[in-house]
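Please work through the exercises below with the sequence and the model side by side, and try each task before reading its solution.

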Amino acid sequence: MNKQKILILTAKYGNGHIQVAKTLEKRCMERGMDVIVCDLYQESHPLITEFTKYLYLKSFSFGKQFYRLFYYGVDKMYNKRVMNVYYTMGRKKLEQVIAAEKPDIIINTFPMIVVPEYRRRTGHVIPTFNVMTDFCLHKIWVHQNIDKYYVACEDVKEKLLSLGIDEKDVKVTGIPIRSRFEENIEIEPLYRKYGLSENKHILLIMAGAHGVLKNVKEICEAMRYSENVQTVVVCGNNHALKDRLAPLAKASRDHLKVLGYVERVDELFRIASLLITKPGGITLTEASSLSVPLVLYNPVPGQEKENAEFFAKHGAAVIVNNVSDMIDEVNKLLHSPDKLKRMRKNIFQLYHPNAVDTILDDIKLESERMSKYIHEHIS
């Protein structure tokens, strides 16, 4: 991009938006681009942001109905005056960042209406692109001053078109994921690395970036009696969960392994027979890149539920809402090799390889086209 400066705006509601921003940033740097990442809301309104992030995390437990009302309520209120507060969130900080950094391109990995509103209000045109991080669409991503949308699947594209977005302004690219998930590596050494048997099924449980997957201990206790199954739990930074599971792991060394943060979690995806997880857009994309069948547990109303239903509709996942159904479904799947094979095939068909380069290449072309048009128009 001839050393054009790229400003990536994101927000830490869940891990996905930040992770996509980091993936884009890393690839920009590898390609010799000048790039800066800004968590706009955190830097603008730290107290409000921390409170709303707390509410977001609580939505995974007792706050489900609150989050459902918020998610779908905002969607219905999108064009009403009550949204004016959201339109202006981060305005001052955005103006400061633009003045200081003078970006040539803005990429949003979180729906920040303040960015296209900046163009409407000031007339200052900076090519602006939305990289969307779920397999569903919330209207809050949509604005007339977004120049192009990069989306996970055809379903999201069709919904954008139904809202009046021009087809040329939407590209199905998939969601950017870490490059390690797209590498070719030897599988056999991974079993030895993690002390697992190649002759048993590996049930992988991802507890979530904030440990939001519930009832993990109950699932592990039930699966310890399945002779042909090894359960691996990745607790991430949830040290309390790891401590709770430690006695069970000690008593069930051949059946249960409990891990904290795993840097190369893709290695576990590669050898997993089945993955239990929450249906975040990034995890789903990572699973699709390595053909891992999914059991999606008790999705929260909103983007999680819609993500889950998308994968279930395509035969790539099953959805369960309580522990007893979970155990039954897992045992059924692990004893149904033909169904697992079909699920592997189905989930891989949802994968779009090398999304990060596809997006950056297209942004380069679009921004050059826009710059040429603006120059000619001004001239």
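The exercises that follow treat two sheets, a helix pair and the cavities.

This is a predicted model, in which local features need pLDDT of at least 70 and side-chain atom pairs count only at pLDDT 80 or more, while totals for chains, interfaces and linings use all residues. Residues are numbered from 1 along each chain as its sequence is written, and side-chain values use heavy atoms, with hydrogens and water left out.

**Exercise 1. Determine the strand order of the open sheet that contains β1, and state which strands lie at its edges.**

Solution. Begin with the elements themselves: helices (H or I, at least four residues) and strands (E, at least two) are DSSP runs, numbered from the N terminus, and two strands pair if DSSP finds at least two bridges between them. Following the pairing across the sheet, one reads six strands in the order β2-β1-β3-β4-β5-β6, with parallel pairing. The edge strands, each of which pairs on one side only, are β2 (34–39) and β6 (170–172). From one strand to the next, the twist averages 20°. For a closer view of one pair, take β3 (residues 105–108) and β4 (residues 128–131), which run parallel and are joined by three bridges; here Ile106 has Thr128 in β4 as its bridge partner.

**Exercise 2. Which strands does helix α1 lie across, and which does α6 touch?**

Solution. Contact means heavy atoms within 4.5 Å, and angles run from 0 to 180 degrees between N-to-C directions, with axes fitted as lines to C-alpha atoms, for helices over the stretch in contact. Helix α1 (residues 16–30) lies across β1 (5–10), β2, β3 and β4, and runs at about 165° to β1. Helix α6 also packs on the sheet, where it touches β1, β2 and β3, and its direction makes about 160° with that of β1.

**Exercise 3. Describe how α6 and α7 cross, and list the residues that meet.**

Solution. Two packed helices are described by the angle between their axes and the distance between the axes. The axes of α6 (residues 91–101) and α7 (residues 114–122) come within 10 Å and cross at roughly 75°. That makes α6 roughly perpendicular to α7, a term that covers angles of 65 to 115 degrees. On the α6 side, Arg91, Leu94, Glu95 and Ile98 meet Val114, Val115, Tyr118 and Arg121 of α7. By class, the residues of this contact divide into five nonpolar, no polar and three charged, where Ala, Val, Leu, Ile, Met, Phe, Trp, Tyr, Cys and Pro count as nonpolar, Asp, Glu, Lys and Arg as charged, and the others, Gly among them, as polar.

**Exercise 4. Which residues line the largest cavity, and which helix gives the most to the lining?**

Solution. The structure holds two cavities of 30 Å³ or more; on a 1 Å grid over the protein atoms alone, a cavity is a set of points where a 1.4 Å probe fits but cannot get out, and lining residues have an atom within 4 Å of a point. About 40 Å³ of space lies in the largest cavity, a volume being the space filled by probe spheres set on the grid points, which are joined across faces, edges and corners. Its lining consists of Ile106, Val115, Pro116, Tyr118, Arg119, His124, Ile126, Thr128 and Asn145, and α7 gives the most, with four residues. These lining residues divide into five nonpolar, three polar and one charged.

**Exercise 5. What is the strand order of the open sheet that contains β7?**

Solution. The six strands of this sheet follow the order β9-β8-β7-β10-β11-β12, and the pairing is parallel. Its edge strands are β9 (256–259) and β12 (317–320).

Key: Angles under 35 degrees count as roughly parallel, over 145 as roughly antiparallel, 65 to 115 as roughly perpendicular and the rest as oblique. On a 1 Å grid over the protein atoms alone, a cavity is a set of points where a 1.4 Å probe fits but cannot get out, and a pocket is an open set with protein on both sides within 12 Å along at least five of seven lines; lining residues have an atom within 4 Å of a point.
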